[in-house]
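Please read the report below with the coordinates open beside it. It treats the ligand surroundings before turning to the helices and to single residues.

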Amino acid sequence: MDGLAIAGLARPDLDAIHEIEVAQFDDPWSLRVLRDELEAPNRRYTKATRDGGIVGYLGLMLVDAEAHVNTIATAPAEEGTGVATALLAEAIRAVAATGTRDVTLEVASRNLRAQRLYLRFGFAPVGMRRGYYPHSGDDAVVMWVRDVHTPSYAATLASIEAA
Ligand SMILES: CC(C)(COP(=O)(O)OP(=O)(O)OC[C@H]1O[C@@H](n2cnc3c(N)ncnc32)[C@H](O)[C@@H]1OP(=O)(O)O)[C@@H](O)C(=O)NCCC(=O)NCCS
């Protein structure tokens, strides 16, 4: 993960984020939706940078003791270099320190790459939402990881990062 840094996402970053969004999703959010998301209540958006350039981003929604992964993506040229792992590890550690206990997300049933990432973080599939994605009609797998505030989960995060 050399040279990789994680920081808060701000409005001036949105054009670069949108470029990744368009490259990575079949039904990408518009710039306006991204901006509205960023500025909505209870959101935590971060960016990953390498050599000053934005290479990925992650958006969480925080509700009580739960965090919902609203979006995560890595620039195509940077996939497989630990960007999403670094984003997720930083975010879970930070929100666990401020009251989050459980983290959830939906992922397309066909998106095995993303599912592998989440499984490494201890997310477990708990159900399906049929036809969740309107554009493709794909089903979503609902995944949860529980008790991210515990020392045992902190050890899990440390071992993921060490790998
Ligand atoms: C899914 C996605 C976010 C993963 O991002 P990524 O930055 O490539 O993820 P990472 O690099 O952290 O991990 C991916 C793989 O690289 C490996 N890896 C991580 N760091 C590495 C390193 N330094 N060197 C070599 N390999 C590494 C990981 O072990 C992992 O392997 P696996 O797929 O066999 O489990 C990315 O593919 C993406 O943007 N996809 C399109 C958008 C999307 O589907 N988002 C999720 C919606 S739910």
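What follows describes a predicted model, by topic.

## Surroundings of the ligand

The shell around the ligand holds 20 residues, and those that come nearest are Thr74, Glu79, Gly82, Ala84 and Thr85. The elements that contribute two or more residues to this shell are β4 (66-74), α3 (83-96) and α4 (112-120). Of the elements, α4 gives the most, with five residues.

By chemical character, the residues of the shell around the ligand divide into eight that are nonpolar, eight that are polar and four that are charged.

## Helix α3

Helix α3, which is one of the elements giving two or more residues to the ligand shell, has 14 residues, and the distance from its first C-alpha to its last is 20 Å, close to the 20 Å expected at 1.5 Å a residue.

This helix is mostly covered, with 10 of its 14 residues buried. The buried residues of α3 are Val83, Ala84, Thr85, Ala86, Leu87, Leu88, Ala91, Ile92, Val95 and Ala96; Ala84 and Thr85 are also among the residues that come nearest to the ligand.

## Helices α1 and α2

The axes of helix α1 (residues 14-24) and helix α2 (residues 31-39) come within 10 Å of each other and cross at roughly 120°. That angle makes α1 oblique to α2, and the crossing in which α1 passes α2 is right-handed.

## Helix α5

For helix α5 (residues 151-162), a rise of 1.5 Å a residue means that its 12 residues should span 16 Å, and this agrees with its end C-alpha atoms, which are 16 Å apart. As for burial, α5 is hardly covered, since the count of buried residues among its 12 residues is one.

## Loop residues

Which residue lies in the loop between β4 and α3? Pro76 is located there, and it is exposed, because 10 other C-beta atoms lie within 10 Å, where 12 or fewer is the limit for an exposed residue. Although Pro76 and Ala7 are 69 residues apart along the chain, their C-alpha atoms are separated by 20 Å.

Most residues other than glycine have a negative phi. Asp64, although it is not a glycine, has a positive phi of about 50°. Asp64 is found in the loop between β3 (53-63) and β4, and it counts as exposed because it has 10 C-beta neighbours inside 10 Å. Asp147, which is not a glycine either, has a positive phi of about 60°. Its place is in the loop between β7 (140-145) and α5, and with 12 C-beta neighbours inside 10 Å, Asp147 counts as exposed.

## A residue in strand β5

Is Val103, which lies in strand β5 (residues 102-108), buried or exposed? Val103 is buried, because 27 other C-beta atoms lie within 10 Å, where 20 or more are needed for a residue to count as buried. From C-alpha to C-alpha, Val103 and Ala155 are 17 Å apart in space, with their positions 52 residues apart in sequence.

Conventions: Residues numbered from 1 in each chain as written. Predicted model: local features only at pLDDT ≥ 70, side-chain atom pairs only at ≥ 80, totals over all residues. Near = placed C-beta within 6 Å. Helix = DSSP H or I, 4+ residues; strand = E, 2+ residues; numbered from the N terminus. Nonpolar A, V, L, I, M, F, W, Y, C, P; charged D, E, K, R; others polar. Expected span 1.5 Å × (residues − 1). Axes fitted to C-alpha atoms, helices over the stretch in contact; angles between N-to-C directions. Parallel < 35°, antiparallel > 145°, perpendicular 65-115°, else oblique. Left-handed = near helix turned anticlockwise from the far one by under 90°.
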